[in-house]
Structures are given as structure tokens and as C-alpha cells.
Amino acid sequence: METAASRIAARSGHPLNTVSEGETRRVLAPAPPGRTIEALPAGLLGEPLTWLFAEHYRHRQLCSLVERVGTATVLLRDEVEEALNFLRFDLPLHIIDEEDDLFPLLRRRCTAEDELGKALGALSADHREDIEAAARLIDLMERALESGDPPGGNLADRRHFKEFASRERRHIALENAVVLPIARLRLTPADLLNLARRMAARRGFAVALPAVPPGRE
């Protein structure tokens, strides 16, 4: 169903949801040998919304990885360790980026016409579920590394991996189709600069960022 948010996103001039996989991958660094999830160059933080969109692509790679390790009949040790690393570090950082910075900015800048409040509330609820689900997957994978058994060795455990991936894909689709295009429309240059600074500091990156020209705050 079309909403005011989706109409605004469509006419924002930045249809992020239509960017091809190839275009997204051009901003990513190749995954290290033996790894699935590609890296993001620190300099991309100078464009924080592009960073978030590219990070969503990495989350899709995580979903495929999680499904693979959770449905395997043998322990895929390297893949499990990669998934663990992402769930322990990258996923929490991304959630903080959105909950502490992006979503509050949007709530300040969006208008009633945008009708974005309900979507942001649903996404925040997803984040809370993600944290709980990630902790469950981390526990299953840590125990698998100790025992040498596959983490999805029974149907109940396997379902946790599949449900996490399915929910994460729906979450990413909503953010790409609605939230990020509206952010490009509503956030000011000063908003984006401050967002970039906070995201870079959170990761311990020193990124050269331009000053906001006078009158464009």
C-alpha cells in the first residue's frame, strides 16, 4: 500500500532502493580471503547515508551467512567465526547509529506529511528483537565452536537462524525503500556532517569532513 512516506521517497530524487547490486559493491572493499562479508572504506563515512545503505548490503551478506551456518549439517568453523564477529561488533554499532543518531534526526526534521513515525517505531522494535536474537545466535555458535557440532543441529535451533535472516531482510527493505530516501530529502548539511562525525568517532576513525557552508545549516 502506498503511504505518504513512500510517495515522498519516490520524489526525493534519491531512490536508494533502486541502486543495483553492482553499484553498491563498487563502494565496498573486497572481502578478505575466505570471508563472505565485504568491508566498507572508512572514507565513505563522509557520506553517512551512503554508508548506511552500503552497510545494509553487508547485512544482506550476513543473512546469507547466518542461513548457511545455521542449516549446515557440519560445523563451518570459519563461517561461524565470521558471523560471530559481525553480530558482536558490526550489528550493535549499526543499531546505535540509527537509534542514537539517524532516527532522532528524522523525528526532528520530518513533517506530518511524511507519516514516518509509525515506520520508525516498527524499526526500533525490530532493533530490540535483533539484539535478543543476535544474543541467542551468538550463544548457539559459541557452543558449537566448543563442541564441534553444527549450531543448527536441531530444528528449533535451525529456526532461530532462519527467522533472524528473514526479519533482517524485511527490516533492510523498509529502511532502503522509505527511511533513507526521506533522510536525503529532510536532513540538512549540518545534520549529515554531525551524523558523519558521530559515526566515525564511534568506530575510532579519523575522517576528513568538509565544513558546512554558511547558510546551509
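Start by selecting Arg167: this residue is buried, with a relative accessible area of 12%. Bear in mind as you look around that you are viewing a predicted model.

Now show the side chain of Glu129 as well. Arg167 and Glu129 meet in a salt bridge, at 3.7 Å from N to O. Colour the two helices involved: Arg167 belongs to helix H6 (residues 155–186) and Glu129 to helix H5 (residues 117–147), so this pair ties together parts that are 38 residues apart in sequence. Is Glu129 buried or partly exposed? At 39% relative accessibility, Glu129 counts as partly exposed, while its partner Arg167 is buried, under the 20% cut-off.

Stay on helix H5 and select Asp139 and Arg143. Their side chains form another salt bridge, with 3.1 Å between N and O. Both residues sit in H5, four residues apart, which is about one turn of the helix. Switch on a surface and check each partner: Asp139 is partly exposed at 36% relative accessibility, and Arg143 is partly exposed too, with a relative accessible area of 44%.

Next, move over to helix H6 and pick Arg159 and Glu163. How far apart are the N and O atoms of this salt bridge? The distance is 3.6 Å. Here again the partners are four residues apart, so about one helical turn of H6 separates Arg159 from Glu163. On the surface, Arg159 counts as partly exposed at 43% relative accessibility, and Glu163 does so at 40%.

Now turn to helix H4, selecting residues 77–109. Draw a distance between the C-alpha atoms at its two ends: they are 45 Å apart. Why does that agree with what one should expect of this helix? At 1.5 Å a residue, the 33 residues of H4 should span 48 Å, so the two values agree. Then centre the view on Leu87, where H4 bends by about 35 degrees. Looking at the helix from the side is a handy way to follow its axis through this residue.

For the next stop, keep H4 in view and select Asp97 and Asp101, together with Arg198, Arg202 and Arg203. These five residues are linked in a network of salt bridges. Asp97 and Asp101 fall within the residue range of H4, 77–109, so you can find them by following that helix onward from Leu87.

To finish, zoom out to the whole model. How many salt bridges does the structure hold? There are 14, among them the pairs Arg167 with Glu129, Asp139 with Arg143, and Arg159 with Glu163.

Notes. Residues numbered from 1 in each chain as written. Predicted model: local features only at pLDDT ≥ 70, side-chain atom pairs only at ≥ 80, totals over all residues. Heavy atoms only, no water. Expected span 1.5 Å × (residues − 1). Bend = angle between axes of the 7 residues up to and from the residue. Salt bridge = Lys/Arg side-chain N within 4 Å of Asp/Glu carboxyl O. Buried < 20%, exposed > 50% of the residue type's maximum accessible area, 1.4 Å probe, protein only.
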